[in-house]
Amino acid sequence: MLKPPKIPESVLVVIYTPALDVLIIERADRPGFWQSVTGSKDRIDEPLEETAAREVAEETGIVVGSALVSADALVDWGEQIEYEIYPVWRHRYAEGVTRNVEHWFGLEVPHRLEVTLAPREHTAHLWLPYEEAAARCFSSSNRDAILQLPRRLHAGASLAGAAQRPDGA
């Protein structure tokens, strides 16, 4: 039976530790192509947070909402990009579809967790300092997302600190 065409709306999930070590995974269909967790919606009405948590579990075995990784550790970064789908992968989409919208998420895990890869999708994984992880990614947008980690975490800490101050200043 033929698989239905992929929906051209996806997520990218940067998985990282408090020390800014980032998990990257190597594609099985393209050796040397390292990336963060990515994946498309399974259905048009699938919430993006659900897509992100599902893809993380499918590709790494890390379960969002488990004892190790709380549900609130998955954060929608509120950023999306549109890019041209590589010609080699266009056959997975409906005829004429050439662009995809990707939504960025971050997932903070407590430390470098054990990873269980989906062997049909990925063959290896690495935990690397964020700058090294970014340098290994084949996608420039994936590199950009990883390189934003320090700024995003600093901004989040600043917001949390301001919310805790009684004078609101």
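**Exercise 1. Is Asp42 buried or exposed, and which partners does the salt-bridge network give it?**

Before you start, note that this is a predicted model: local features need pLDDT of at least 70, side-chain atom pairs count only at pLDDT 80 or more, and totals for chains, interfaces and linings use all residues. Residues are numbered from 1 along each chain as its sequence is written, and side-chain values use heavy atoms, with hydrogens and water left out.

*Solution.*

Step 1. Get the cut-offs straight: buried is under 20% relative accessible area, exposed is over 50%, and partly exposed is in between, using a 1.4 Å probe and protein chains only. Asp42 comes out at 53% relative accessibility, so it counts as exposed.

Step 2. Now the pairing rule. Side chains of opposite charge can pair when their charged atoms come close. Here a salt bridge needs a side-chain nitrogen of Lys or Arg within 4 Å of a carboxyl oxygen of Asp or Glu, and that rule gives 13 of them.

Step 3. Asp42 meets Arg54 in one such bridge, at 3.3 Å from N to O. Arg54 sits in helix α1 and Asp42 in the loop between β4 and α1, so the contact ties together parts 12 residues apart in sequence. (Helices are DSSP runs of H or I with at least four residues, strands are E runs of at least two, and both are numbered from the N terminus.) Arg54 has 16% relative accessibility and therefore counts as buried.

Step 4. Arg54 also bridges to Glu58, with the closest N and O atoms 3.5 Å apart. Both of these residues belong to helix α1, 4 residues apart, or about one turn of the helix. Glu58, at 38%, is partly exposed.

Step 5. Put it together: the network links Asp42, Glu46, Arg54, Glu55 and Glu58.

**Exercise 2. Describe the salt bridge between Arg43 and Asp45, with the exposure of each end**.

*Solution.*

Step 1. The N to O distance for Arg43 and Asp45 is 2.8 Å.

Step 2. Arg43 has 37% relative accessibility, so it is partly exposed. Asp45 has 57%, so it counts as exposed.

**Exercise 3. How are the rings of Trp89 and Phe138 arranged?**

*Solution.*

Step 1. A pair of aromatic rings is described by the distance of the centres and the angle of the planes. Rings of Phe, Tyr and Trp (its six-membered ring) pair if their centres lie within 6.5 Å; planes under 30 degrees apart are stacked, over 60 edge-to-face, and the rest tilted. The whole structure has 4 aromatic pairs.

Step 2. For Trp89 and Phe138, the centres are 6.3 Å apart and the planes are at 55 degrees, so the pair is tilted.

Step 3. Trp89 is in the loop between β5 and β6 and Phe138 in the loop between α2 (130–136) and α3, so the pair ties together parts 49 residues apart in sequence.

Step 4. Trp89 is buried at 9%, while Phe138 is partly exposed at 23%. Both are in one aromatic cluster with Phe33 and Tyr86.

**Exercise 4. Where is Pro87, and how far in space is it from Thr98?**

*Solution.*

Step 1. Pro87 is in the loop between β5 (74–84) and β6 (99–108). Its relative accessibility is 61%, so Pro87 counts as exposed.

Step 2. Pro87 and Thr98 are 11 residues apart in sequence, and their C-alpha atoms are 8.0 Å apart.

**Exercise 5. What lines the largest pocket?**

*Solution.*

Step 1. The search uses a 1 Å grid over the protein atoms alone: a pocket is an open set of points where a 1.4 Å probe fits, with protein on both sides within 12 Å along at least five of seven lines, and lining residues have an atom within 4 Å of a point.

Step 2. The largest pocket has a volume of about 1300 Å³, where volume is the space filled by probe spheres set on grid points joined across faces, edges and corners.

Step 3. The lining has 38 residues, and those closest to the centre are Lys6, Arg27, Ser40, Arg92 and Tyr93. Helix α1 gives the largest share, 4 residues.
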